Amino acid sequence: MKSKDGRAKKPKGPVTPVASPSNDIALEDRRVFPIVGIGASAGGLAAFEAFFSNLPADSETGMAFVLVQHLAPDHKSMLCDLVKRYTRMQVMEVTDGITVEPSHAYIIPPNRDMTLLDGRLYLNEPAAPRGLRLPIDFFFKSLARDQRDRAICVVLSGTGSDGALGLKAIKGEGGMAMAQDPATTEYDGMPRNAIGTGLVDYVLPPADMPAQLTAYVEHAFGRKLLPVSPPTPRVDNALNKILALIRIQVGHDFSQYKHNTIGRRVERRMAVNQIGQIEEYILFLRQNPAEVNALFKDLLIGVTNFFRDSEAFDTLQRDVLPRLLAKKKQEATIRVWAPGCSTGEEAYSLAILFQELLDNSPKALKLQIFATDIDGPAIEQARAGRYPPSVAADITPERLNRFFTQDQDGGPYHIQKRIRDVLVFSEQDVGQDPPFSRLDFVSCRNLLIYMGAGLQKKVISLFHYALNPGGILFLGGSESVGDAGDLFITLDRKRKIFQRRDTHSPRPGLADFSHAPLFPGLTLGKPVRGAEKEGRVNVKDLTEKTLLQQYAPAAALVNDRGEILYIHGRTGQYLEPAEGEAGLNILNMAREGLRTELTIALRHVAVRKEPVRYSGLRVKANGDTLTVDLMVQPAADGSLASSGLFVVTFQSVARAEPLPSPPQAGGPSGDTGQVHDERIVALERDLRAKDEYLQTTIEELETSNEELKSTNEELQSANEELQSTNEELETSKEELQSVNEELATVNAELQNKVDQLVRANNDMNNLLAGTGVGTIFLDHQSRIQRFTPAVTQVIHLIQSDIGRPVSHLASNLTGYDRLMDDTQNVLNDLIPREHEAQSKSGAWYLTRIRPYRTLENVIEGAVITFVDITEQKKAQESLKESEYLNRLATVVQDSSDAVMLLNFEGRILAWNPGAQRFYGWTETEALAMTIWDMIPESRRDEVWDIHRRLGLKEKVEPFRTQRLTKNGQALDIWLTATALVKEDGRPYAIATTEKRTDPLMAGRNQE
């Protein structure tokens, strides 16, 4: 329904879906609209304003917008009120489980992560600490998983790289990505990182994005998308959150599997982890990705063994597979698919079964089996073809000897190479990934029982598509094809063996000509006069078409259930729509006078495969009575006959004459006798028809009784098995209660041990961190097992380096490249080694390498420690310098010249008595001064140059200069300067010897 302006009106109130098996699929089809995820951080408010202000004025955009911004966790967000100012769409803050609708904007609340599952938004408490959260990536990834190619993401202004990984996920599913032009942002970190992925489709200012977005949606989806009503939820929020976490981390969607089974698996994992509330378990899953993997493993169906249900395999080998092989041509390949193969026992069982038949077959046939499962580790085990000795209980000794080899001393069994070579194992999700095709046999046992009705129907249709005509479908004992009886023929109801039923579209034949154009553009035959402009026609086809229109009787092509597949001619005199639910079943549409005979004839032809004809039937049509000849026969094409298709023809003969009226009094008696004879003949014909119909009904009833009896026996057998199982469960319950008590005791002890280990581990970590000694623990292959924080000053290590060889990492030590060699030598001879080395930053470390010994005196690697000895080195250097100065002071103490020791900054380090006599300052006063206090301003540049040259280890010749005395007098002196160097050749101080150039003063100095 549309409004006056042409827009679709929203329904008043919720729409109640019609209860039907296909309703969920139809509802999903109606909910096709894109969801646009918009991520922003700092500077995002201005970008939001520009974006929403330029959306079309019409609020019916056909898209849903979900805004994710970095918000303060302890502050109420005003974003919702601010966005409402710029758009006519409904804007709301997300609540848990809200259904996403088109032409709405949804805003994430503070301190929450958000996921999308089946068109609903779910909120979770953030698992990562504040400052390390990536809410945009988190939502974009769930958006990609849920919406696939309908997902759209927009990255606006912000710092950091949040959103880039989620953008990759959306592009991986075929979605579209936009990013704000960095030149228009307040903070360009997020847009630049998004653009740096190379996957962004449009780089635009926010004001230009809406127009481009609208054009993309209308082009990509091909129509204006309108709002739809939400479906009624079928599962609670908690399970949906868990399924969303599994789908995000593992990549497999269990939302269409039976939720009772999933609930039981979740309860089991909660019990294992001692978690009482499901909300706590959801948070536990968020914080422990390993638990998500563990739950995923629990959801997988791994119960299998060789030749499970041996009677079903015997039926295959005896009755089904020989006929399948007989139809194959020489040198043909038999293609088999085993979805849900788990660890491969079922697939190998099929391979053995086929191989046994091929070994006895006169034909040279090839075998190829595709075995798939979503469980990667199970597939790896299946590829290995290695099974424990216990499998011998499921396999006959003959098959064990023929197709298996066993390791010595009763080890595991290995599949022989000729069997292994015919199988191809791969990971595949049968509900999501494309199937194999042109198959002769599909074995999917005990997988459908875990799926919901919708997914079961989809998978059964997929199997029908994948199989060749006449292909075999082999299901588990508790499975069936359900409502897909029109796709498969039941070969063995008890063993669940089915054969693909051919579904035919109308074949090109005579019947098609009733709808063909008068002069089809064919090039065969002679041209018809006057039809040259229309092209060339086939004279033979034209003649046959004309004759068919004029003389061929009305007919219908039906299957063995009476469903009409094709109608030729005008059948309105013989068939009419039946009252009630619309359908095309010929038995329900037959007019009065035809139904009984048509039912009998159709059953007779279906059983005996020979034509049946009834003549002179009286049919009531539109208030009149017609005389009709009815004929039912198998379809003319033999290949179709084998598939249960039949042709029903109706031929009107002369109009039925009304029965003669009773003769008048005095009329001829001969006429009365003739009328009576005709009436008797008609009544006898009707009686025979009723007898045949009754006999047919009796046969059908007997058949039904036999089926019911067989079903009853199966139910009784199942009931006995259930009773036996119940008794076993009662016994198991008592045993489990006893085991549970023991486990509770053991658990308490283990918990105490865990607490002790946690305390010891904390003490050890604090001890190692408190010592400041860098330590690396290595295994025998020199792989890093553990390290302390202090070691990162020597070798750049991060947590992800654990498990890597230490040789792959570069150290900061200079002049010491034998770390790996010394470590290997220690592992070889168990003799500790030490070495002093200097880092690039100038720090000195004492490197010690020792074997790692356990309490049992077992060597399990090596321990490398780096002790910072920089202060020791400095103390040693200072001690050496001090000793040198002391020796120097002894030499110059009695010198008549002024002798001083300076550092390169001019600080006076030593002052002899001669200097005191020259300049007047005592040693104590001089050591608190710098040489610049004794140099006139005009001479300072000269002295700076001398110091520079000495620092470069250049030789400086004695030179004349001036010094200031304590009383301010300038003295002319002759100065000799020498640089003092360390052992490594580096200058560290300057020694000067100064003499006066005044002879008189020199003489006094000598006195």
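**Exercise 1. Find how strand β29 pairs with strand β30, then place the pair in its sheet.**

Start with the pair itself: β29 (residues 833-839) and β30 (residues 844-853) run antiparallel and are joined by six bridges. Helices (H or I, at least four residues) and strands (E, at least two) are DSSP runs, numbered from the N terminus, and two strands pair if DSSP finds at least two bridges between them. Across from Q838 you'll find W844 in β30.

Before going on, a word on the model. It's a predicted one, where local features need pLDDT of at least 70, side-chain atom pairs count only at pLDDT 80 or more, and totals for chains, interfaces and linings use all residues. Residues are numbered from 1 along each chain as its sequence is written, and side-chain values use heavy atoms, with hydrogens and water left out.

Now zoom out: the open sheet has six strands in the order β27-β26-β31-β30-β29-β28, with antiparallel pairing. β27 (784-787) and β28 (813-814) are the edge strands, each pairing on one side only. Finally, add helix α23 (residues 819-829), which packs on this sheet and touches β26 (774-778), β29, β30 and β31 (859-868); contact means heavy atoms within 4.5 Å. The direction of α23 makes about 30° with that of β30.

**Exercise 2. Work out the strand order and the edges of the five-stranded open sheet.**

Reading across, the order is β33-β32-β36-β35-β34, with antiparallel pairing. The edges are β33 (908-911) and β34, and each of them pairs on one side only. From one strand to the next, the twist averages 35°. For a closer look, take β32 (residues 898-902) and β33: three bridges hold this antiparallel pair. Here L901 stands opposite A910 in β33.

**Exercise 3. Describe how helix α11 packs against α10 and against α8.**

Two packed helices are described by the angle between their axes and the distance between the axes. Axes are lines fitted to C-alpha atoms, for helices over the stretch in contact, and angles run from 0 to 180 degrees between N-to-C directions.

Take α10 (residues 278-287) to begin with: α10 and α11 (residues 289-299) pack at about 110°, with their axes 5 Å apart. That makes α10 roughly perpendicular to α11 (65 to 115 degrees). Y281, F284, L285 and Q287 of α10 meet P289, E291, V292 and L295 of α11. By class, that's six nonpolar, one polar and one charged residues. Ala, Val, Leu, Ile, Met, Phe, Trp, Tyr, Cys and Pro count as nonpolar, Asp, Glu, Lys and Arg as charged, and the others, Gly among them, as polar.

Next comes α8 (residues 237-250), which packs on α11 at about 100°, with the axes 10 Å apart. So α8 is roughly perpendicular to α11. The α8 residues in contact are I242, L245, I246, Q249 and V250, and those from α11 include P289, V292 and F296. This contact has ten nonpolar, two polar and no charged residues.

**Exercise 4. Check two residues with positive phi, S342 and K953: is each buried or exposed?**

Most residues other than glycine have a negative phi, and most peptide bonds are trans. S342 has a phi of about 55° and lies in the loop between β11 (333-339) and α13 (345-359). S342 counts as buried because its relative accessibility is 4% (buried is under 20% relative accessible area, exposed over 50%, partly exposed in between, with a 1.4 Å probe and protein chains only). K953 has a phi near 60°, and its loop runs between α27 (940-951) and β34 (959-964). At 56% relative accessibility, K953 counts as exposed.

Terms used. Angles under 35 degrees count as roughly parallel, over 145 as roughly antiparallel, 65 to 115 as roughly perpendicular and the rest as oblique.
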